[in-house]
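I opened this model to look up its overall build, its strand pairing and its nonpolar cores. My notes follow in the order in which I looked.

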Amino acid sequence: MAFGVKDAAKALEAYARFLHVPSDTTIEFFPKSKNRVALFYLGGIEYQLCESTVPDGRFATWIDERGSEGLHHICYEVDDIDAALAHAEAQGATLRICQACQVVGSHPHPEGWVAFLDDEAGGIEIEFMQVYTEEQLKEYEDFKGI
Ligand SMILES: [Zn+2]
């Protein structure tokens with residue numbers, strides 16, 4: 001689950017104060033998407049507190065538009081992203097461009113293949129991810145020269 005926040009450190013502080021956030025949680029900077037993200041697990045769910053580091057960034061723009069911080073999107077882990085997208089599209093969904101990569105539909109990110117829908121469920125954006133197998137992760141890292 002990804003939250004759009006104005007200040008990842010401040011948001012993490014609040015989570016850590018009221019909930020059992022692992023004490024070794026750090027905030028990572030992602031240069032490509034220009035986000036600062038605090039990532040931790042609560043109850044087996046991955047939480048991402050996402051802060052744009054530029055005023056026109058994905059999360060800053062979203063906060064400006066809706067007027068407050070909050071739940072930005074839920075990423076659903078799937079076994080087969082092509083099948084998940086085919087199903088969603090058969091149900092009338094349309095795909096959304098990935099702002100960071102400028103790609104529509106399934107494409108590689110560091111952790112796996114991802115795709116975004118233009119459609120929302122309960123006002124929350126939908127993202128799909130097919131996490132790489134060990135072998136696919138190695139291929140991705142070789143390809144990216146990581
Ligand atoms: Zn992307």
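The entries below go from the whole chain to single residues.

**Ground rules.** I am working from a predicted model, in which local features need pLDDT of at least 70 and side-chain atom pairs count only at pLDDT 80 or more, while totals for chains, interfaces and linings use all residues. I number residues from 1 along each chain as its sequence is written.

**Whole chain.** I looked up the secondary structure and found four helices and 10 strands in the protein chain, where helices (H or I, at least four residues) and strands (E, at least two) are DSSP runs numbered from the N terminus. From the N terminus on, I read the order of elements as β-α-β-β-β-α-β-α-β-β-β-β-β-α. The C-alpha trace spans about 40 × 35 × 30 Å along its principal axes. The radius of gyration is 16 Å, which agrees with the value near 15 Å for a compact globule of 146 residues; it is taken over C-alpha atoms, and the globule rule is 2.2 Å times the number of residues to the power 0.38.

**Domains.** I noted domain 1 (1-71) and domain 2 (78-146), with bounds that come from an automatic or database domain assignment. Their C-alpha centres lie 20 Å apart.

**Strand pairing.** I counted strands as paired if DSSP finds at least two bridges between them. Strand 2 (residues 27-30) runs antiparallel to strand 3 with four bridges, and Phe 30 has Asn 35 as its bridge partner. Four residues separate these two strands in their hairpin, and Lys 34 in the turn has a positive phi of about 55°. Strand 3 is also antiparallel to strand 4, through eight bridges, one bridge pair being Phe 40 with Tyr 47. In that second hairpin two residues lie between the strands, and Gly 43 has a positive phi near 60°.

**Cores.** I took a nonpolar core as a set of buried Ala, Val, Leu, Ile, Met, Phe, Trp, Tyr and Cys residues joined through C-beta atoms within 7 Å, a residue being buried if 20 or more other C-beta atoms lie within 10 Å of its own, with C-beta atoms placed from the backbone. The largest core has 14 residues, and Phe 3, Ala 38 and Leu 49 are among those with the most contacts inside it. Strand 1 (2-4), helix 1 (8-18), strand 3 (35-42), strand 4 (45-52) and helix 2 (58-66) each give two or more residues to this core. Apart from it lies another core, of eight residues, including Trp 113 and Phe 128.

**One residue.** Which residues does Ala 38 contact, leaving aside its neighbours within four places in sequence? I found Ala 8, Ala 11, Leu 12, Thr 25, Ile 27 and Leu 49, with contact meaning C-beta atoms, placed from the backbone, within 7 Å.

Note on methods: Buried ≥ 20, exposed ≤ 12 C-beta atoms within 10 Å, placed from the backbone. Contact = placed C-beta atoms within 7 Å.
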